[in-house]
Structures are given as structure tokens and as C-alpha cells.
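Me: I'm new to this one and would like to learn how to read it, feature by feature. Could you walk me through it?

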Amino acid sequence: MSNKKTSSSSLHLGSQLCFALYSTSRALTKVYQALLKNLDEGLTYPQYLVLLALWERDDQSVSALGDALLLDSGTLTPLLKRMEAAGLLMRKRFDTDERSVCVSLSKKGQKLHSKASAIPACLIEASCAPQAELKMLTQRIQKLRAQLIAQTN
């Protein structure tokens, strides 16, 4: 087996966009885990994302929530069940369409909003980057995501 290094920098780990995004995402998740621990609710990062979507728009169908979070129902449903068991949200069937499930915040989930309001500022501080730079980076990543999704559809 050859251990010969390629001379092409296009295949170096450090030059890969995918690795930069992946490793940054892992680092970001670790920062969020520490911040979420301060809320004393045992929230995971994916649960925090669900709460963000519901704080933005409560009373959503599982399908709409999945679309917002880019998650399929097979991934989202167990997450929602755990959050319901923790008292953060409620799930019920729509009266108009019993096939669809409505997800809404419980009082506990609503109250958590004010406790979590400091998280974005803490993240900005942890990044050591100006808020405007992070906003621009977020917009560029969102545009990249949209372009990549369009390529796979």
C-alpha cells in the first residue's frame, strides 16, 4: 500500500469546504451545549432548534416544523416526543385533518424563551467576531445551502 502524498492541494483536508463547515458546526454545537446547560432544562441542541422555530411561530404542523428545520418526520417525531415528555411542548391532532399533528409550546416552553434570550449575545461573544460579520456569514451560508439543495432536487 502506497503512502505517497498527493501533490494536489484540492484533496487536502484543510482546503475542503465540507470539512471547514463540519468542524465549525461541531465546535459551534459544543458552545451551544455549554450555553444550554445554563438553562437547567437538559436541552439538547436539536431541541433548542425546535424551540427557536416554535418561539418564532407557535402551533405548527409537524410537517411545517420539519420543513423549517430541514428534518424529516422520522427524525423529528422522536425529538418531539422527548420534548413533550419534558413538558416543553404539546402535540395534538388537528381537528380539521386528523392525519396532521399540531405542535405547540407549553407554558414551560414559553417561559424558557426569556431564559434563552441571552444565548445569541453569548454566542457572538464566544465567536470573537462582530455581529455584522456573523450576520453576513450566516447569509452567505444560507445562500450556499439553498444553491446546494437546488442542485440535489
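Me: Let's begin where helix α4 begins. Which side-chain oxygen reaches the backbone nitrogen of Gly74 at the start of α4?

Reply: Keep in mind that this is a predicted model. The oxygen belongs to Asp72: at the start of α4, it comes to within 3.0 Å of the backbone nitrogen of Gly74.

Me: How far apart are the end C-alpha atoms of α4, and what span should its 13 residues have?

Reply: Count 1.5 Å a residue, and the 13 residues of α4, 73–85, should span 18 Å; the end C-alpha atoms are 18 Å apart, so the two agree.

Me: Which residues of α4 are buried?

Reply: Start with the general idea. An α-helix has 3.6 residues a turn, so residues three or four places apart point the same way. In α4, the buried ones are Leu76, Leu79, Leu80 and Met83. They cover an arc of only 100 degrees around the axis, which puts them on the same side of α4.

Me: What sits on the face of α4 turned away from its buried side?

Reply: That face carries Gly74 and Ala85, which are exposed.

Me: And what do the buried residues of α4 pack against?

Reply: Their partners are the helices α2 (45–56) and α3 (62–69), along with the strands β2 (89–93) and β3 (101–105). Just past the helix, look at Gly87: it follows α4, and its phi is positive, near 80 degrees.

Me: Where else is phi positive, in a residue other than glycine?

Reply: Try Asp40, with phi near 55 degrees. Asp40 lies in the loop between α1 (17–37) and α2, and it is exposed, with a relative accessible area of 65%. Cys128 also has a phi near 55 degrees. You'll find Cys128 in the loop between α6 (119–127) and α7 (131–152), where it counts as exposed at 72% relative accessibility.

Me: Now the sheet. In what order do the three strands run?

Reply: The general idea comes first again. Strands of a sheet pair through backbone hydrogen bonds, either parallel or antiparallel. Here the three strands make an open sheet in the order β1-β3-β2, with antiparallel pairing. β1 (60–61) and β2 stand at the edges with a single partner strand each, so one side of each is left without a neighbour in the sheet.

Me: How many bridges join β2 and β3, and how many join β1 and β3?

Reply: β2 and β3 pair over five bridges, while β1 and β3 pair over two. To follow them residue by residue, take Met90, whose bridge partner in β3 is Ser104. Val103 in β3 is the bridge partner of Gln60, and Arg91 stands opposite Val103 as well.

Me: Which helix packs on the sheet, touching β1, β2 and β3?

Reply: That's α2, and its direction makes about 90 degrees with that of β3. The twelve residues of α2 should span 16 Å at 1.5 Å a residue; the end C-alpha atoms are 17 Å apart, which agrees. Its buried residues include Tyr48, Leu51 and Trp55.

Me: Back to β3: are its faces covered or open?

Reply: In a regular strand the side chains alternate between the two faces of the sheet. In β3, Val101, Val103 and Leu105 are on one side, Cys102 and Ser104 are on the other, and all are buried. In other words, five of its five residues are buried.

Me: What does the side chain of Ser104 make a polar contact with?

Reply: With the side chain of Asp59, at 3.3 Å. Ser104 is buried, with a relative accessible area of 8%. Leaving aside neighbours within four places in sequence, Ser104 is in contact with Asp58, Asp59, Leu89 and Met90.

Me: And Ser106, where does it lie?

Reply: Ser106 is in the loop between β3 and α5 (107–116), and it is buried, with a relative accessible area of 10%. A polar atom of its side chain lies 3.1 Å from the backbone nitrogen of Gly109. Setting aside neighbours within four places in sequence, Ser106 is in contact with Gly87, Leu88, Leu89 and Met90. You've already met that Gly87: it follows α4.

Methods: Residues numbered from 1 in each chain as written. Predicted model: local features only at pLDDT ≥ 70, side-chain atom pairs only at ≥ 80, totals over all residues. Heavy atoms only, no water. Helix = DSSP H or I, 4+ residues; strand = E, 2+ residues; numbered from the N terminus. Expected span 1.5 Å × (residues − 1). Buried < 20%, exposed > 50% of the residue type's maximum accessible area, 1.4 Å probe, protein only. Arc of directions from axis to C-beta. Contact = heavy atoms within 4.5 Å. Polar contact = N/O pair within 3.5 Å; in protein donor to acceptor, adjacent residues only side chain to side chain. Pairing = 2+ DSSP bridges. Axes fitted to C-alpha atoms, helices over the stretch in contact; angles between N-to-C directions.
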